[in-house]
Amino acid sequence: MRTSLVAAGAVAAAGVLLGVASGPAGAALSDAVSAAPTGTVSKDGTVTLSGTYRCSPPSGSGPIFVSSGVLTGSVLHGIGGTAAKCDGDEHTWVNREKLSHPETVPAGEAVVQATLMRLDTRTGLPLPVVLATDRHAVDLRAVEG
């Protein structure tokens, strides 16, 4: 009897997990974002990151953006944002940000993070809903500028 209850609980838990994965969030499975393996940093502190994204036409309310950042040490420096065109096709994104202290993000290896997010405006206060993320090592190359 106890084994049956444990098995039934496991089946119920799996059903809940599968229901969540195939529910509204499951529709976002085609949403994706990636950052290129290289970026640039200029002498004046301008960091440029790029990559690709794909998203389906939005089912919720609010604009969709690709945001990005560079992690140096334990600090994530936001590097711009791009409005996304969600039509199911793959698109490129490029984000630039001039940091107030040029030495904050030096050339060399760093970690890049790209996020595809929708600002949900149904409640009046825009709340971010993450649709897809990418995080990996990036080579920031020094450029004149």
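How many bridges join strand β2 (residues 38-42) to β3? The count is 2 bridges, and the two strands run antiparallel. The legends below describe this and other close-up views of a predicted model.

**Figure 1. The whole chain, with 1 helix and 8 strands.** Read from the N terminus, the elements follow the order α-β-β-β-β-β-β-β-β. The chain has 145 residues, and 32% of them count as buried. Its accessible surface is about 8500 Å², with 61% of that area belonging to carbon and sulfur atoms. Contacts between residues at least 6 apart in sequence were also sorted by separation: 67% of them join residues at least 24 apart.

**Figure 2. The hairpin of β2 and β3.** The two strands of this hairpin have 3 residues between them. Glycine 45 lies in the turn and has a positive phi of about 95°. Strand β2, residues 38-42, is joined to β3 by 2 bridges in the antiparallel sense. Within this pairing, threonine 40 has threonine 48 of β3 as its bridge partner.

**Figure 3. Strand β1 beside β3.** Strand β1 covers residues 32-35 and pairs with β3 in the antiparallel sense. The pairing runs over 4 bridges. One residue pair to look for is serine 34 with its bridge partner in β3, threonine 52.

**Figure 4. Strand β3 beside β6.** Here the pairing is antiparallel and extends over 9 bridges. Threonine 48 has arginine 96 of β6 as its bridge partner. Threonine 48 is also the bridge partner of threonine 40, as in the hairpin view. In a regular strand, side chains alternate between the two faces of the sheet.

**Figure 5. The disulfide of cysteine 55 and cysteine 86.** A disulfide is a covalent bond between the sulfur atoms of two cysteines. The count for this model is 1 disulfide. The sulfur atoms of cysteine 55 and cysteine 86 are 2.0 Å apart. The bond links distant parts of the chain, its two cysteines being 31 residues apart. Cysteine 55 sits in the loop between β3 (46-54) and β4 (64-72), while cysteine 86 sits in the loop between β5 (75-83) and β6 (90-98). Because the torsion about the S-S bond is about -85°, the disulfide is left-handed. Are the two cysteines buried or exposed? Both cysteine 55 and cysteine 86 are buried.

**Figure 6. A salt bridge between glutamate 90 and arginine 54.** A search of the whole structure finds 7 salt bridges, and this view shows one of them. The side chains of glutamate 90 and arginine 54 meet with an N to O distance of 3.7 Å. Glutamate 90 belongs to strand β6 and arginine 54 to strand β3, so that the pair, 36 residues apart, links distant parts of the chain. Arginine 54 has a relative accessible area of 33% and is partly exposed.

**Figure 7. Arginine 122 with aspartate 120.** In this salt bridge the N to O distance is 2.6 Å. Which of the two residues is buried, and which is exposed? Aspartate 120, at 10% relative accessibility, counts as buried. Arginine 122, at 64% relative accessibility, counts as exposed.

**Figure 8. Aspartate 139 with arginine 141, and a salt-bridge network.** Aspartate 139 and arginine 141 form a salt bridge in which the closest N and O atoms are 3.4 Å apart. Aspartate 139 is partly exposed, with a relative accessible area of 31%. Arginine 141 also counts as partly exposed, at 48% relative accessibility. Elsewhere, Arg118, Asp120 and Arg122 are joined into one network by salt bridges that share partners.

**Figure 9. The surroundings of alanine 83.** Alanine 83 is found in strand β5. With a relative accessibility of 55%, alanine 83 counts as exposed, because the cut-off for exposed is over 50%. Which residues does alanine 83 touch, leaving out those up to four places away in sequence? They are Tyr53, Ile64 and Phe65. Tryptophan 93 is 10 residues from alanine 83 in sequence, and the C-alpha atoms of the two are 8.8 Å apart in space.

Note on methods. Residues numbered from 1 in each chain as written. Predicted model: local features only at pLDDT ≥ 70, side-chain atom pairs only at ≥ 80, totals over all residues. Heavy atoms only, no water. Buried < 20%, exposed > 50% of the residue type's maximum accessible area, 1.4 Å probe, protein only. Contact = heavy atoms within 4.5 Å. Areas by Shrake-Rupley, 256 points an atom, 1.4 Å probe, with all protein chains shown as cover. Disulfide = S-S within 2.5 Å. Pairing = 2+ DSSP bridges. Salt bridge = Lys/Arg side-chain N within 4 Å of Asp/Glu carboxyl O.
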